[in-house]
Amino acid sequence: FALAIPTRRCSVHEDPESQDRAIPVNARLKPALARSTRRSAAKAKASATPLEIADDPCWVLLSSTGLLARTTTADPLGTGGNRRKHDAVIGAVRTTARGDIGVVTSAGRVVRIGALDLPTLPPSNDAPNLSGGAPLAAYADLPQGEQPLTIVPLDDEAAPLALGTAQGVVKRVSPDFPAGKDSFEVIALKDGDQVVGAGPAP
């Protein structure tokens with residue numbers, strides 16, 4: 001596609017033919033530009049969020065279709081209702097509205113995401129449905145082939161994390177996650193290996 005560069009009215013000393021030129025963009029940049037646009041929109045939404053939002057307890061949820069959302073309370077999640085699209089939850093973390101959670105990926109990384117940025121789900125007695133959630137790609141730039149597996153709490157009281165890889169490696173990780181980093185490695189993988197399962201360690 002072509003990226004049009006906005007122009008201003010030219011003066012008598014400027015060349016009119018230099019105005020309204022379209023600069024072609026390499027097709028390989030399209031996905032990166034789209035991700036950048038989504039992240040910018042998410043940050044703009046977060047910056048417009050009133051600062052008086054209380055740091056109340058809540059749940060952050062991740063669906064099997066890659067949608068993220070948070071609840072408005074930390075009440076137990078509902079279990080009733082009929083099956084609907086986006087109701088398969090692969091990760092649920094109890095945190096606060098201004099807290100952070102981590103997305104565990106198949107590359108052995110944890111990607112930090114702020115709960116405040118996420119859309120909220122309306123209260124319901126039914127099982128959570130994330131059709132009103134936002135795609136993970138709006139908050140985390142995962143390379144092609146890197147898949148989200150689950151979400152984990154990042155506070156000091158979090159349970160240890162258990163990881164299993166396709167080549168049979170099992171690792172138990174203590175919740176000593178570095179503060180201030182957007183992403184960090186939790187397991188070193190050999191060439192061709194990937195994490196296939198993650199969850200709280202027993």
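Two strands are taken as paired if DSSP finds at least two bridges between them, and with that in hand we can look at G102, which stands opposite R112 in β7. Please keep in mind throughout these views that the model is predicted.

**Figure 1. The whole chain, with one helix and 13 strands.** Before the close-ups, here is an overview to help you find your way. Read from the N terminus, the elements follow the order β-β-α-β-β-β-β-β-β-β-β-β-β-β. The protein chain has 202 residues, and 35% of them are buried. If you take the contacts between residues at least 6 apart in sequence, 68% of these join residues at least 24 apart. The area that the chain exposes comes to about 12300 Å², with 53% of it supplied by carbon and sulfur atoms.

**Figure 2. An open sheet of four strands in the order β5-β3-β4-β8.** The strands of this sheet pair in the antiparallel sense. Its edges are formed by β5 (89–96) and β8 (134–135), and each of these pairs on one side only. Have a look at where β5 meets β3 (residues 57–63): seven bridges link the two strands, which are antiparallel. To locate one of these bridges, start at S63, whose bridge partner in β5 is V89.

**Figure 3. A second open sheet, ordered β9-β6-β7-β12.** Here too you will find four strands with antiparallel pairing. Which strands stand at the edges? They are β9 and β12 (183–185); each has a single partner strand, so one side of each is left without a neighbour in the sheet. On average, neighbouring strands of this sheet are turned by 25 degrees against each other, direction ignored.

**Figure 4. The hairpin of β6 and β7, with three residues between the strands.** In the turn, G108 has a positive phi of about 80 degrees. The strands β6 and β7 run antiparallel and are joined by five bridges. Along this ladder, I101 has I113 in β7 as its bridge partner, and G102 faces R112. Are these strands mostly buried or exposed? In β6, five of the six residues are buried. For β7 the count is also five of six, so this strand is largely enclosed by the rest of the structure.

**Figure 5. The outer partners, with β9 beside β6 and β12 beside β7.** Five bridges hold the antiparallel pair of β6 and β9 (residues 148–153). Two places are handy for orientation: T105 has P148 as its bridge partner in β9, and I101 stands opposite P153. Between β7 and β12 there are three bridges, again with the strands running antiparallel. In this pair, R109 stands opposite E185 in β12.

**Figure 6. The surroundings of R112, a residue of strand β7.** What does the side chain of R112 make a polar contact with? The partner is the side chain of D100, at 3.5 Å. Residues up to four places away in sequence aside, R112 touches D100, I101, L154, P178, A179, G180, K181, D182 and F184.

**Figure 7. The largest nonpolar core, a set of 17 residues.** Which members touch the most other members of this core? They are L68, I113 and I151. The elements giving two or more residues to the core are β3, β6 (100–105) and β7 (109–114). You may recognise I113 from the hairpin view, where it was the bridge partner of I101. Apart from this core lies another one of twelve residues, including V104, V110, V173 and V186.

**Figure 8. A closer look at L68 and its contacts.** Setting aside neighbours within four places in sequence, L68 is in contact with V60, L61 and L62, and also with I113, L118 and P119. Further contacts of L68 are L130, G133, A134, L136, Y139 and I151. Among these residues are I113 and I151, which share with L68 the distinction of touching the most other members of the largest nonpolar core.

How values were computed: Residues numbered from 1 in each chain as written. Predicted model: local features only at pLDDT ≥ 70, side-chain atom pairs only at ≥ 80, totals over all residues. Heavy atoms only, no water. Core = buried A, V, L, I, M, F, W, Y, C linked by side-chain atoms within 4.5 Å. Buried < 20%, exposed > 50% of the residue type's maximum accessible area, 1.4 Å probe, protein only. Contact = heavy atoms within 4.5 Å. Axes fitted to C-alpha atoms, helices over the stretch in contact; angles between N-to-C directions. Polar contact = N/O pair within 3.5 Å; in protein donor to acceptor, adjacent residues only side chain to side chain. Areas by Shrake-Rupley, 256 points an atom, 1.4 Å probe, with all protein chains shown as cover.
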